[in-house]
Amino acid sequence: MTTTRTRVAEAAVPSDRKTTYREAMREAMREALRSDERVFLMGEDVGQYGGCFGVSLGLLEEFGPERIRDAPLSESAFVGAGIGAALAGMRPIVEIMTVNFSLLALDQILNNAATLLHMSGGQLPVPVVIRMTTGAGRQLAAQHSHSLESWYAHIPGLRVLAPATLTDARYMLAPRSPTPIRC
């Protein structure tokens, strides 16, 4: 049985069009940046370098350095800055290179992003997307092959999306819910 959701998903990525997972994620970010001027991307090497695995290639040229911001090597600092920007009305996409580096920002993620909405009685939403790469990759197994998405899914206040298909990756930023973690 074909549902409406299935038909929409199948129509979203035409079968004759060749694309990659990273291109689908780039299009998701591009659409978010185009549709809302409050959206910006920040993280290590997201600008000139093009982000982790080239996902943000070309976005700096298209949107400029005010919306595509390279951050210093301090996950706790730039995740905290993203949370602060979200509290101030912005819609940041914060990219952490790999999920194991998110542990350096664990206090920010667990004790701020995940809890502020509930601790404030619904007065302080934190609409931040924290995007990170998980799982095995090329030549990175010893240091960067963690898969912590199921662990994050058990943290009250966080929503975890782990897109498995091109269509999932392409539309992962469409539901702009408060405090998601996107793996």
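These are my notebook entries on contacts, burial and packing in this predicted model.

**Entry 1: salt bridges**

I searched the whole structure for salt bridges and got 7. I started with those on Arg30.

Arg30 and Glu27 meet through their side chains in a salt bridge, with N to O at 2.4 Å. Both residues sit in helix α2, which covers residues 21-35, and they are 3 residues apart, about one turn of the helix. I then looked up burial for each partner. Arg30 has a relative accessibility of 11%, so I entered Arg30 as buried, the cut-off being under 20%. Glu27 comes out at 24% and is partly exposed.

Arg30 has another partner, Glu62, in a salt bridge at 2.7 Å, N to O. This pair links distant parts of the chain, since Glu62 is in helix α3 (residues 59-63) and Arg30 in helix α2, 32 residues apart. Glu62 is partly exposed, at 35% relative accessible area.

I also noted a network of salt bridges that links Glu27, Arg30, Arg34 and Glu62.

**Entry 2: a salt bridge between strands**

Next I looked up Glu95. Glu95 forms a salt bridge with Arg131, and their closest N and O atoms are 2.8 Å apart. Glu95 belongs to strand β3 (residues 91-98) and Arg131 to strand β4 (residues 129-133), so this bridge ties together parts 36 residues apart in sequence. Are the two partners buried or exposed? Glu95 counts as buried at 1% relative accessibility. Arg131 also counts as buried, at 3%.

**Entry 3: helix α2**

I checked the length of α2 against expectation. At 1.5 Å a residue, its 15 residues should span 21 Å, and the end C-alpha atoms are 21 Å apart, so the two values agree. The 21 Å follows because the expected span is 1.5 Å times one less than the number of residues.

I then listed the buried residues of α2: Ala24, Met25, Arg26, Ala28, Met29, Arg30, Ala32 and Leu33. Arg30, from the first entry, is on this list. What do the buried residues of α2 pack against? Their partners are β1 (39-43), α3, β2 (68-70), β3, β4 and α9 (166-170).

**Entry 4: Ser56**

Ser56 lies in the loop between β1 and α3. Its relative accessibility is 0%, so I recorded Ser56 as buried. With neighbours within four places in sequence left aside, Ser56 is in contact with Arg26, Met29, Leu41, Val46, Gly50 and Gly51. Arg26 and Met29 are among the buried residues of α2.

**Entry 5: nonpolar cores**

I looked up the nonpolar cores. The largest has 25 residues, and those with the most contacts inside it are Val79, Ile109, Val128 and Tyr152. The elements giving two or more residues to this core are β1, α4 (75-87), β3, α5 (106-113) and β4. Which element gives the largest share? That is α4, with 5 residues.

There is a second, separate core of 19 residues, which includes Ala24, Met25, Leu59 and Ile93. Ala24 and Met25 appear on my list of buried residues in α2 as well.

**Entry 6: aromatic rings**

I found 1 aromatic pair in the structure. The rings belong to Trp151 and Tyr152, with centres 5.1 Å apart and planes at 70°, so I entered the pair as edge-to-face; the cut-off for that class is over 60 degrees. Trp151 is partly exposed at 37% relative accessibility, whereas Tyr152 is buried at 0%. Tyr152 is also one of the residues with the most contacts in the largest core.

I then checked for charges over rings. Arg69 lies over the face of Phe40, 4.7 Å from the ring centre. Arg170 is placed over the face of Tyr171, also at 4.7 Å from the ring centre.

**Entry 7: Leu124**

Last, I looked up Leu124, which lies in the loop between α6 (116-119) and β4. At 38% relative accessibility, Leu124 counts as partly exposed. With residues up to four places away in sequence not counted, Leu124 touches Leu87, Leu116 and Leu117. I also noted the C-alpha separation of Leu124 and Ala88, which is 9.5 Å, with their positions 36 residues apart along the chain.

Note on methods
Residues are numbered from 1 along each chain as its sequence is written. This is a predicted model: local features need pLDDT of at least 70, side-chain atom pairs count only at pLDDT 80 or more; totals for chains, interfaces and linings use all residues. Side-chain values use heavy atoms; hydrogens and water are left out. A salt bridge is a side-chain nitrogen of Lys or Arg within 4 Å of a carboxyl oxygen of Asp or Glu. Helices (H or I, at least four residues) and strands (E, at least two) are DSSP runs, numbered from the N terminus. Buried means under 20% relative accessible area, exposed over 50%, partly exposed in between (1.4 Å probe, protein chains only). Contact means heavy atoms within 4.5 Å. Rings of Phe, Tyr and Trp (its six-membered ring) pair if their centres lie within 6.5 Å; planes under 30 degrees apart count as stacked, over 60 as edge-to-face and the rest as tilted. A charge sits over a ring if NZ of Lys or CZ of Arg is within 6 Å of the ring centre and within 35 degrees of the ring normal. A nonpolar core is a set of buried Ala, Val, Leu, Ile, Met, Phe, Trp, Tyr and Cys residues joined through side-chain atoms within 4.5 Å.
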